[in-house]
Amino acid sequence: MASAQATPYQRLGGDAKVRELVRRFYDLMEAEPAYAGIRKLHQPDLSQAREKLYLFLSGWLGGPQLYAERFGHPMLRARHLAFAIGAAERDLWLACMSRAMEDAGIDENLRRSLHDAFFKTGDWMRNQANGRE
Ligand code: HEM
């Protein structure tokens, strides 16, 4: 049951829902031309990105620290330095994630607070000035 102490992971519905969210996020990224600007930064095969985002989000949302157990500290900003990420790419990532959260039927209040948290993390990954920031 949701309580003031519940983590986002618990409010979301745990492991199965994190998997569903990540599946939907990358399915959308693969299918929708609107997200081509970030799809092209990824490997042709998205299976590793799918697995790693799922492992990472589990811990990031307050659940089991699956990513850290396997790979140690994520060093997320450093890992993203290999990709040119400006405001445009950040906003595409967030738009794709917002749609994935809606499609996964996540409660609106939770969606709003996760969107703010994703924005902060996404904005921190920005390593290019390409306007609109
Ligand atoms: C701001 C826009 C973002 C862009 C354009 C972006 C792009 C990418 C790309 C291209 C990869 C490599 C995937 C591959 O090898 O095919 C990646 C990996 C990853 N991204 Fe992002 N990302 C963004 C934001 C985020 C955010 C907000 C999170 C977490 C909340 C995140 C979590 C991850 C993780 C966990 C990985 C795997 C890292 C590893 O290799 O261990 N990314 N991202």
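**Note on the ligand site**

1. The iron atom of the ligand has H80 as its only protein donor, through NE2 at 2.1 Å. H80 belongs to helix 6. The model under review is a predicted one, and this iron contact should be read as a computed value of that model.

2. H80 has a further entry in the list of polar contacts: one of its polar side-chain atoms lies 2.8 Å from a nitrogen atom of the ligand. H80 is also among the residues that come nearest to the ligand, and it is one of those closest to the centre of the largest pocket.

3. Two other side chains address oxygen atoms of the ligand. For Y67, a polar side-chain atom lies 2.4 Å from an oxygen atom of the ligand. For K52, the corresponding separation from a ligand oxygen atom is 3.3 Å. Both Y67 and K52 are listed with Q43, H80 and W93 as the residues that come nearest, out of 21 around the ligand.

4. As to the composition of the shell around the ligand, 12 of its residues are nonpolar, 5 are polar and 4 are charged. At least two shell residues come from each of helix 4 (47-60), helix 6 (76-80), helix 7 (87-103) and helix 8 (108-124). Helix 4 supplies the largest share, 4 residues.

5. The ligand takes up the space of the largest pocket. The volume of this pocket is about 850 Å³. Its lining consists of 26 residues, of which Y26, H42, A49, H80 and F83 are the closest to its centre. Helix 4, helix 6, helix 7 and helix 8 are the elements that each give two or more residues to this lining.

6. Within the lining of the largest pocket, helix 4 gives the most, with 7 residues. By class, the lining divides into 15 nonpolar, 6 polar and 5 charged residues. Helix 4 is thus named twice, as the source of the largest share of the shell around the ligand and as the element that gives the most to the pocket lining.

Technical notes
Residues numbered from 1 in each chain as written. Predicted model: local features only at pLDDT ≥ 70, side-chain atom pairs only at ≥ 80, totals over all residues. Heavy atoms only, no water. Near = heavy atom within 4 Å. Polar contact = N/O pair within 3.5 Å; in protein donor to acceptor, adjacent residues only side chain to side chain. 1 Å grid on protein atoms, 1.4 Å probe; cavity = no way out; pocket = protein on both sides within 12 Å on 5 of 7 lines; lining within 4 Å. Sits in = over half its atoms within 2 Å of the grid points. Nonpolar A, V, L, I, M, F, W, Y, C, P; charged D, E, K, R; others polar. Donors = N, O, S within 2.8 Å, 3.2 Å for Na, K, Ca; no water. Points joined across faces, edges and corners; volume = space filled by probe spheres on them.
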